[in-house]
Amino acid sequence: MLQEESDLSLVIAQIVQKLKGSNLYAQLERQAWASLQRPEIKLESLKEDIKEFFKISGWEKKLQNAVYSELSVFPLPSHPAAPPEHLKEPLVYMRKAQGSWEKRILKSLNSMCTELSIPLARKRPVGEQKELLNKWNEMGTDEPDLSLFRPVYAPKDFLEVLINLRNPNYENGDSLSFRTHLGLIQVPLKVKDIPELKEFFVELGLTTGQLGIDDSTQVPPELFENEHVRIGQKVLAEQDSAAAQQYIRQGSPTALRAELWALILNISSQPEDILYYEQLKTNVIQHDLLVDSLIYKDVKLTASNDDYYFVFEDYLYQVLLCFSRDTSVLGHFAYNSASPPKSYIRGKLGLEEYAVFYPPNGVIPFHGFSMYVAPLCFLYHEPSKLYQIFREMYVRFFFRLHSISSHPSGIVSLCLLFETLLQTYLPQLFYHLREIGAQPLRISFKWMVRAFSGYLATDQLLLLWDRILGYNSLEILADCPKSIVP
Amino acid sequence: MSRVSVPCHVKGTVALQVGDVRTSQGRPGVLVIDVTFPSVAPFELQEIMFKNYYTAFLSIRVRQHTSPHTPAKWVTCLRDYCLMPDPHSEEGAQEYVSLFKHQSPSMTFPKWLSHPVPCEQPAPLIEGLPDPSRVSSEVQQMWALTEMIRASHTSTRIGRFDVDGCYDLNLLSYT
């Protein structure tokens, strides 16, 4: 078979393999068996009749959404000779930089552990478990002494690492030339130029209606808003993920946003999902992790102090503490340049059968991490659904904002894209800021790392995150600061 | 189809440069790598596989012996095949690459096709979608193979992070 066809077959085989272990597969099997009772299913044309039944009953659409979701999240199968680390990050020097950064984080966490004489993890005594269960819905009222804990790192520490990234094969030269990059990022990643951005974000052009602009009070709703809402309702009725993703590029009406995001992220709260969340809650009750204190501290320092989000403090604990225990998150490390930290059961150092990941989900929160969850609290009030949405947003998008990779949506590319755009659009401003020692990236970096959460008003933030979902890319974050900086 | 890798000897790179290498300031933009095949038995070359390291364009020339009487001839199999769309950026810089024999426009390599194959442009996806039932039967063949390999492997996680109920840990390890 031709190369393109064998590539396609490989993609199909990979997706089928992934879906085989999913709830949807079990449901489809059950539905197929149950459909045999139906009069229209005939033995001679069994395969075709069942396929027709799936189409009419909406199960084919669910399968379509699941396949679309897999295609959006997982990278295409790479060359057969490429080892797994190549899939995580193809450039060797970036992998090394990520490895060194991770080692620094681990050392920091270990030293916090030894200094404070607090174990990484411990089983809670029964009394403490009961107490926590009782105040599960109001953990915010707790005021533990967190003065000795410090965040493992802050965005500005991470920025220093990115600034020092160098490609050993790239010679900048000492003399300034037209090729010298005047910004802080010194690695030659490919970023989209303005014609490419215009093409990529074509729905954001001046001639296309946008929510957030064309639905303001001065604009009569008949011009754009009414029709856009009507189309949104139709998309939801069809339950089509791909259509929803296309639709949301022009922004989502507030009333439809929660459902649209769930459709795009392919989240439907099944009983199994609620059970899974309850299991995670049990894990939180049973084991206390050092990481929990980091989460408490982060929430107290950031979201609790924010005018928009302080009301959601309890939700944030309920989501983030469970998130740390969720081993299904480990799956995303296949395409994340980062790797989960490892540890051994006490007394069994070096024995592989006693090796575990810490925290169970492999993600160590940094200062501001809870702000990824906070805006979602405006959309979802049921804890297990809120949890699912956040988890999916993290493994699709947010992880790229705090790991070193060459991916076009990775934070390094976003920084370079921002600096390049600013130099192109506002060269005098860029040059002036550089001259006074205020490199623009130092100002905008923390906005991008947090995906603007806490830096934009919530309604604007949600419109921005609409576009992240719509374009399946974080590049919009690099485009945004350019409008704010002047 | 059974494929085996052919033992070959890859020599060090030689820069193509005008003038004296030692005194010249400029960096050569073209390097040559010689690959020889020590085995004498003839074989049919299907695929050349390698990992790129910042090479933008690749040309492959082959020296073939058509008959014992005529001297060996150099033939270009591939000219300026693009590995990096933008040589000044990282795209494609460290990728794994496979070159297949059907990509070579005019080969007269001894054991390859006897007539030249026209260079194929990859068809745009909209026009070139393969027949679904044919693809599905090919997938089933591949499926049988992967199923054999992954007989006991399930892709769903069981969800336990502890070992026999214990999650009492040492410090984090650095390896």
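Residues are called buried when their relative accessible area is under 20%, exposed when it is over 50%, and partly exposed in between. The exercises below apply this to a predicted model.

**Exercise 1. Classify both partners of the salt bridge between A:Glu115 and A:Arg150, and state where each partner lies in chain A.**

Begin with the distance: the closest N and O atoms of A:Glu115 and A:Arg150 are 3.6 Å apart, and a salt bridge requires such atoms within 4 Å. Next, consider accessibility: A:Arg150, at 33% relative accessibility, counts as partly exposed, whereas A:Glu115, at 54%, counts as exposed. Finally, place the two partners: A:Glu115 lies in helix 6 of chain A and A:Arg150 in the loop between helix 7 (126–134) and helix 8 (155–163), so the pair ties together parts that are 35 residues apart in sequence.

**Exercise 2. What span is expected for helix 6 (residues 92–116) of chain A, and how far apart are its end C-alpha atoms?**

The expected span is 1.5 Å times one less than the number of residues. With 25 residues, helix 6 of chain A should therefore span 36 Å, and its end C-alpha atoms are indeed 36 Å apart, which agrees. Just after this helix, A:Ser117 takes a positive phi of about 50°.

**Exercise 3. Describe the surroundings of A:Ser403, and decide whether this residue is buried or exposed.**

First locate the residue: A:Ser403 belongs to the loop of chain A between helix 16 (383–396) and helix 17 (411–425). Its relative accessibility is 3%, and A:Ser403 therefore counts as buried. Then look at the polar partner: a polar atom of the A:Ser403 side chain lies 3.0 Å from the backbone oxygen of A:Phe399. Lastly, leaving aside neighbours within four places in sequence, the residues in contact with A:Ser403 include A:Gln98, A:Phe158, A:Asn336 and A:Ile411.

**Exercise 4. How many salt bridges are counted over all chains, and which residues does the network formed through shared partners join?**

The count over all chains comes to 22 salt bridges. One of these pairs is A:Arg38 with A:Glu40, whose closest N and O atoms are 3.0 Å apart; A:Arg38 is partly exposed at 37% relative accessibility, and A:Glu40 is partly exposed at 40%. Another pair is A:Lys190 with A:Glu196, at 3.5 Å, where A:Lys190 is partly exposed at 30% and A:Glu196 is partly exposed at 32%. Salt bridges that share partners also join A:Arg122, A:Arg124, A:Glu128, A:Asp288, A:Asp292 and A:Arg325 into one network.

Terms used:
Residues are numbered from 1 along each chain as its sequence is written. Chains are lettered from A and ligands numbered from 1 in the order in which they are written. This is a predicted model: local features need pLDDT of at least 70, side-chain atom pairs count only at pLDDT 80 or more; totals for chains, interfaces and linings use all residues. Side-chain values use heavy atoms; hydrogens and water are left out. Helices (H or I, at least four residues) and strands (E, at least two) are DSSP runs, numbered from the N terminus. Buried means under 20% relative accessible area, exposed over 50%, partly exposed in between (1.4 Å probe, protein chains only). A polar contact is a pair of N or O atoms within 3.5 Å; within protein, one must be able to donate a hydrogen and the other to accept it, and residues adjacent in sequence count only if both atoms are side-chain atoms. Contact means heavy atoms within 4.5 Å. A salt bridge is a side-chain nitrogen of Lys or Arg within 4 Å of a carboxyl oxygen of Asp or Glu.
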